Amino acid sequence: MALTGLDIFKLLPKTNCKKCGMPTCLAFAMQLAQKKAKLEDCPCVSDEATETLAAAAEPPMRSVKFGTGDSEVQLGQETVMFRHEEKFYSPTIIAVTLSDKLAGDDLKKRIDDINSLKFERIGLHIQANAVAIINESGSDDSFANAAAAVNDSSDLAIILCSDSPSAMAAAVAKTAAAVPLIASASADNADDMAKIAKENNCPIVAKADSIEALAELTEKIKAQGVNDIVLNLDGKALQELLFSLSQLRVLSLKKVFRPLGFPTMSFVTDTDTDAQVTSATSLICKYSGIVVIDTTDHAAVLTMLTVIMNVYSDPQKPIQVDPKVYAIGEPNENSPVIFTTNFSLTYYTVESDVESSRVPAYIIVVDTEGTSVLTAYSGDKLNEKVVADAIAKYGVEDMVKHRKLIIPGYVAVMSGKLEEATGWEILVGPRESSMLPKYLQEVWK
Ligand code: SF4
């Protein structure tokens with residue numbers, strides 16, 4: 001919780017010396033609380049007060065990163081319980097397990113399968129983000145070799161999962177440059193695991209079976225000089241885990257309880273693919289910063305990534321495409337011209353349906369601030385002037401020799417005014433984009 005002006009005032013020297021440019025220490029404290037002044041402006045503040053104030057200025061949930069370059073992932077730094085209050089900042093990281101019992105072609109195939117979990121959705125690239133290497137073999141060498149193989153053959157971030165400090169040390173030795181996430185430190189091995197994390201500058205997972213034990217464990221790890229920590233509540237069934245993750249979020253964000261001010265990681269333990277989707281989706285919605293899954297089924301992972309896209313999009317800013325004319329296929333001067341709005345979901349739905357019609361076409365995307373056709377129309381962001389301006393601005397009259405514009409069926413009511421504003425013949429298209437292929441193949445012709 002941010003300190004109030006009065007809280008800050010209590011930490012100041014109270015001499016009213018004016019060296020900070022303020023008439024009194026209280027005035028300076030008030031400015032500081034509103035972030036209109038900097039603590040450095042007071043030359044008289046004690047080291048102790050500086051430390052206290054700096055700690056209070058830390059975000060309630062720490063940001064933790066692992067991986068490097070393009071594979072670097074970031075979690076934490078969330079500020080709100082509910083998305084509509086502001087937005088969620090760090091999309092859940094999907095990590096896929098890889099057993100260190102695998103070797104040879106089996107190991108290569110598993111890495112390839114995980115690497116292939118990349119998709120394009122409404123113009124954005126989404127993918128699984130990390131490989132969670134599991135020390136199932138119990139062998140230090142097997143764990144280290146699997147880690148090295150992933151490091152060599154995958155661009156994804158790495159999570160090393162072992163309870164054995166010697167296995168962890170062996171695997172970190174092969175992957176330290178990739179900044180893996182060390183999972184996990186428990187009450188039994190915290191000192192050894194924290195030492196490995198500290199020496200290699202890697203973040204670490206704190207694992208315990210209760211919130212209280214987690215709080216104790218993070219303090220122990222921090223005392224070793226490791227501050228980048230991820231929390232893992234171990235051994236809980238899904239319902240209890242979801243409840244506990246919500247409690248952790250409250251303690252972190254609302255109570256600003258520093259020992260729990262870290263992002264979380266959860267393992268999906270279901271073996272059935274559909275059950276994994278259900279569990280992962282629940283964990284994404286309820287605050288898990290990393291969700292570790294076992295499946296490499298494309299449909300299952302795409303579902304999870306789609307949920308992440310939706311939960312982590314900014315509710316104040318719809319995902320948009322650039323307003324302009326898009327050529328689908330190789331249209332010519334006789335090709336149909338369709339207009340739609342720049343709400344990504346709307347555009348990519350229309351684009352996909354036009355593509356599947358195999359009728360080359362132009363799509364004019366008008367700027368409606370990322371809103372869908374009906375929303376834009378009812379909010380007057382879509383009207384005849386907006387469409388006429390787009391036709392003129394993008395030079396559509398030079399692209400085709402006809403003057404026929406296909407408009408979405410839902411805004412058929414615009415036809416008259418649109419015809420007057422553009423001078424084009426208005427053709428009312430289907431209400432549902434899915435009917436566009438049939439329309440273009442049968443009606444347009
Ligand atoms: S410089 Fe520091 S001690 Fe002096 S008035 Fe400002 S806040 Fe108070």
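## Overall architecture

The protein has 16 helices and 17 strands, and the model described here is a predicted one. Its domain assignment gives three segments, namely domain 1 (5–57), domain 2 (63–312) and domain 3 (325–444). Between the centres of domain 1 and domain 3, taken over C-alpha atoms, there is a separation of 59 Å.

The overall dimensions can be given in two ways. Along the principal axes, the C-alpha atoms fill a box of roughly 75 × 75 × 35 Å. The radius of gyration is 28 Å, whereas a compact globule of 445 residues would have a value near 22 Å.

## The ligand and the largest cavity

Which residues surround the ligand? The shell consists of Pro-13, Thr-15, Asn-16, Cys-17, Lys-18, Lys-19, Cys-20, Cys-25, Phe-28, Cys-42 and Pro-43. By class, this shell around the ligand divides into 7 nonpolar, 2 polar and 2 charged residues, a division in which cysteine counts as nonpolar.

The ligand takes up the space of the largest cavity. That cavity has a volume of about 100 Å³, and of the 16 residues that line it, Cys-17, Lys-18, Cys-20, Cys-25 and Cys-42 are the closest to its centre. These five residues also appear in the shell around the ligand. The lining of the largest cavity as a whole divides into 11 nonpolar, 3 polar and 2 charged residues.

## The second largest cavity

The count of cavities of 30 Å³ or more comes to 3. After the cavity that holds the ligand, the second largest cavity has a volume of about 60 Å³. It is lined by Met-61, Leu-75, Gly-76, Glu-78, Ser-90, Arg-249, Pro-263, Thr-264, Tyr-287, Ser-288, Gly-289 and Tyr-312. In this lining there are 5 nonpolar, 5 polar and 2 charged residues, Glu-78 and Arg-249 being the charged ones.

## The largest pocket

Turning to the open spaces, the largest pocket has a volume of about 660 Å³. Its lining comprises 29 residues, and those that lie nearest its centre are Pro-91, His-125, Ile-126, Gln-127 and Asn-129. Three elements, β2 (73–76), β5 (124–127) and α11 (298–312), each supply at least two residues of this lining. The lining of the largest pocket divides by class into 15 nonpolar, 7 polar and 7 charged residues.

## The second largest pocket

How much space lies in the second largest pocket? The volume is about 470 Å³, and the lining consists of 21 residues, of which Leu-32, Lys-35, Leu-53, Ala-56 and Ala-57 lie nearest the centre of the pocket. The elements that give two or more residues to this lining are α2 (25–33) and α3 (47–57), and α3 gives the most, with 5 residues. By class, the lining of the second largest pocket divides into 16 nonpolar, 1 polar and 4 charged residues.

Where does this second largest pocket lie with respect to the domains? Domain 1 (5–57) and domain 2 (63–312) both give residues to its lining, and the pocket therefore lies between them.

Definitions and conventions:
Residues numbered from 1 in each chain as written. Predicted model: local features only at pLDDT ≥ 70, side-chain atom pairs only at ≥ 80, totals over all residues. Heavy atoms only, no water. Near = heavy atom within 4 Å. 1 Å grid on protein atoms, 1.4 Å probe; cavity = no way out; pocket = protein on both sides within 12 Å on 5 of 7 lines; lining within 4 Å. Sits in = over half its atoms within 2 Å of the grid points. Points joined across faces, edges and corners; volume = space filled by probe spheres on them. Helix = DSSP H or I, 4+ residues; strand = E, 2+ residues; numbered from the N terminus. Domains from an automatic or database assignment. Rg over C-alpha atoms; globule rule 2.2 N^0.38 Å.
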